[in-house]
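Colleague: I would like a close look at one part of this model, with the rest of the chain as background. Please go through it in order and keep to what the coordinates show.

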Amino acid sequence: MELFFLIAITIFIILATLPILSIFYKPNVKLPPGKTGYPYIGESLEFLSTGRKGQPEKFILDRMQKFSPQIFRTSILGEQTAVVCGAQGNKFLFSNENKLVTAWWPKSILRLFPSSSQSTVLAEGMRMRKMLPHFLKPEALMRYIGVMDSMAQIHFQDSWEKEKQVSVYPLAKMYTFTVACKVFLSMDDSKEVAKFAVPFNDMASGIISIPINFPGTTFNRGLKASKIIRDDMLRMIAKRRKELAENKADPMQDILSHMLVATDEEGQRLGEVGIADKIISLLIGGHDTASATITFIVKFLAELPHIYDKVVEEQMEIAKSKAEGELLNWEDIQKMKYSWHVAAEVMRLAPPLQGSFREALHDFNYAGYTIPKGWKLYWSAHSTHKMPEYFPDPEKFDPSRFEGLGPAPYTYVPFGGGPRMCPGKEYARLEILVFMHNIVKRFKWEKVIPDENIIVNPMPIPAKGLPVRLYRKNQ
């Protein structure tokens, strides 16, 4: 039995290292400097653990200093990976989409979305990106500002105003998830929304995890959650399709209806399983990143009274201009310039999207090194957001960085860049600003835990959920 185990381990190591060994048989290949760690596991544990210790930038910045500020080599999530750094690295990747590189997702994501393979993900992703801008552009989202405002008011009345102390992160998640369910699915029942939210936490954590499917692992919990969510989503899709056929639903009432009726350039519609997966990914992206940003906005406003006071001044001017019961509108949002600069600085210091992957379509050279075909490339917001050459005194909270023309191109990338920039950027801006308006009108607050640790799993969040004491204002 022991001999069989040793043989199995040896075969596994050989198979796992074959892709690594094969590159050395190519002539004139100068690979980026770096190390790849253990077979298969590579440096994944360190890559993930630095985030869970509250230092997600450490993995990137340490290797930039040790190997190269432009590019270094590693192995994460079971893949040979070149990490491309700095503004020039971001520009290179974002400008060469579908030329030298293409989108790539870890195996954990493909298994959580079983309708997908790497090829179908790419094809369906391109089709989706052509369909979504029509629904997510500012002109289409204007009609949801009042909806977001009324939902925010209900949220604060129900969950904040009777409390002396709250944990911000779980409440922010519930707010953003409730808004996403309304905008994407026209889901209004609060009990149904709360039930639907439960498995999303496990699925989101499973997306960026080592894809080991053993009971108790993060990935295993994510797989179980994804099945629950998908079954619920397919039931909703079948019901909505019937309602559309009977003219009981509006084809443009939400993103679900839009996806069911929209066609691509060839007149093809997405299949139901594909729609389910895309809605699930939008729900995760549409509330997880925004809730993390909202939480950090509350954190920084608690720590920086002078910033809080300026946000209050701007928001109260808007509030005073409104009639009793009048909801926020597009013109109000456009007046929230300083508040958005604050939110932008929060996303610089605590980017909700840490980075993302690409795959080399063929061999090419960058910064004097060869990137072999099939290698994965990773860009990280941390390689620019906290670098003094791009943001002087990078640890200082300074919203004025975003005045005028703002940061230099390719240095500020909380939403990615190029053809794959997050299509929900404007949606997130509206949701965040509506929340800021409603919270500063009602409260001042202070942190209960002065030095609360920050973890990244996969979004940055305070380890204890950011408990705060509330001080009610007389409006």
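Colleague: What percentage of the 475 residues of the chain count as buried? Then, for helix H14, which residues are buried, and what covers them?

Modeller: Of the 475 residues, 53% count as buried. The model is a predicted one, and its mean pLDDT is 85, with 87% of the residues at 70 or more. The exception to keep in mind is residues 1-25, where pLDDT stays under 50 and the model has 13 contacts beyond four places in sequence. Where pLDDT is low, the predicted coordinates should not be read in detail. The chain holds 18 helices and 12 strands. Among contacts between residues at least 6 apart in sequence, 71% join residues at least 24 apart. The exposed area of the chain is about 22,000 Å², and carbon and sulfur atoms supply 57% of that area.

Now the helix itself. H14 covers residues 305-320, and because a helix is expected to span 1.5 Å a residue, its 16 residues should reach 22 Å; the C-alpha atoms at its ends are 22 Å apart, in agreement. Its buried residues are Ile 307, Tyr 308, Val 311, Val 312, Glu 314, Gln 315 and Ile 318. The cover over these residues includes four helices, H13 (272-303), H15 (330-334), H16 (337-349) and H18 (425-442), together with strand S9 (443-447).

Some single residues elsewhere fill in the background. Lys 173 is in helix H9, residues 168-185. Its relative accessibility is 12%, so Lys 173 counts as buried. Beyond four places in sequence, Lys 173 has contacts with Asn 201, His 287, Asp 288 and Ser 291.

Thr 36 sits in the loop between helix H1 (2-22) and H2. With a relative accessible area of 15%, Thr 36 is buried as well. The C-alpha atoms of Thr 36 and Thr 74 are 4.5 Å apart in space, although 38 residues separate the two in sequence. Outside its neighbours within four places, Thr 36 touches Gly 42, Glu 43, Arg 73, Thr 74, Ser 75 and Gln 80.

On the surface, Tyr 38, Ile 41 and Leu 45 form a nonpolar patch of about 350 Å². Leu 45 belongs to helix H2, residues 44-52, and it counts as exposed because its relative accessibility is 53%, where exposed means over 50%.

Two loop residues deserve a check of the backbone. Most residues other than glycine have a negative phi. Ala 367 is not a glycine, yet its phi is positive, about 55°. This alanine lies in the loop between strand S6 (364-366) and strand S7 (369-371), and at 31% relative accessibility Ala 367 counts as partly exposed. Tyr 410 also has a positive phi, near 70°. Its place is the loop between helix H17 (382-385) and H18, and its relative accessible area of 31% makes Tyr 410 partly exposed. H18 is also one of the elements that cover the buried residues of H14.

Technical notes. Residues are numbered from 1 along each chain as its sequence is written. This is a predicted model: local features need pLDDT of at least 70, side-chain atom pairs count only at pLDDT 80 or more; totals for chains, interfaces and linings use all residues. Side-chain values use heavy atoms; hydrogens and water are left out. Buried means under 20% relative accessible area, exposed over 50%, partly exposed in between (1.4 Å probe, protein chains only). Contact means heavy atoms within 4.5 Å. Accessible areas come from the Shrake-Rupley method with a 1.4 Å probe; for residues, only the protein chains shown count as cover. The expected span of a helix is 1.5 Å times one less than its number of residues. Patches are made of residues with over 30% relative accessible area and no salt bridge: like charges are joined within 9 Å, nonpolar side chains (Val, Leu, Ile, Met, Phe, Trp, Tyr) within 5 Å. A salt bridge is a side-chain nitrogen of Lys or Arg within 4 Å of a carboxyl oxygen of Asp or Glu. pLDDT is the predictor's confidence in each residue, from 0 to 100.
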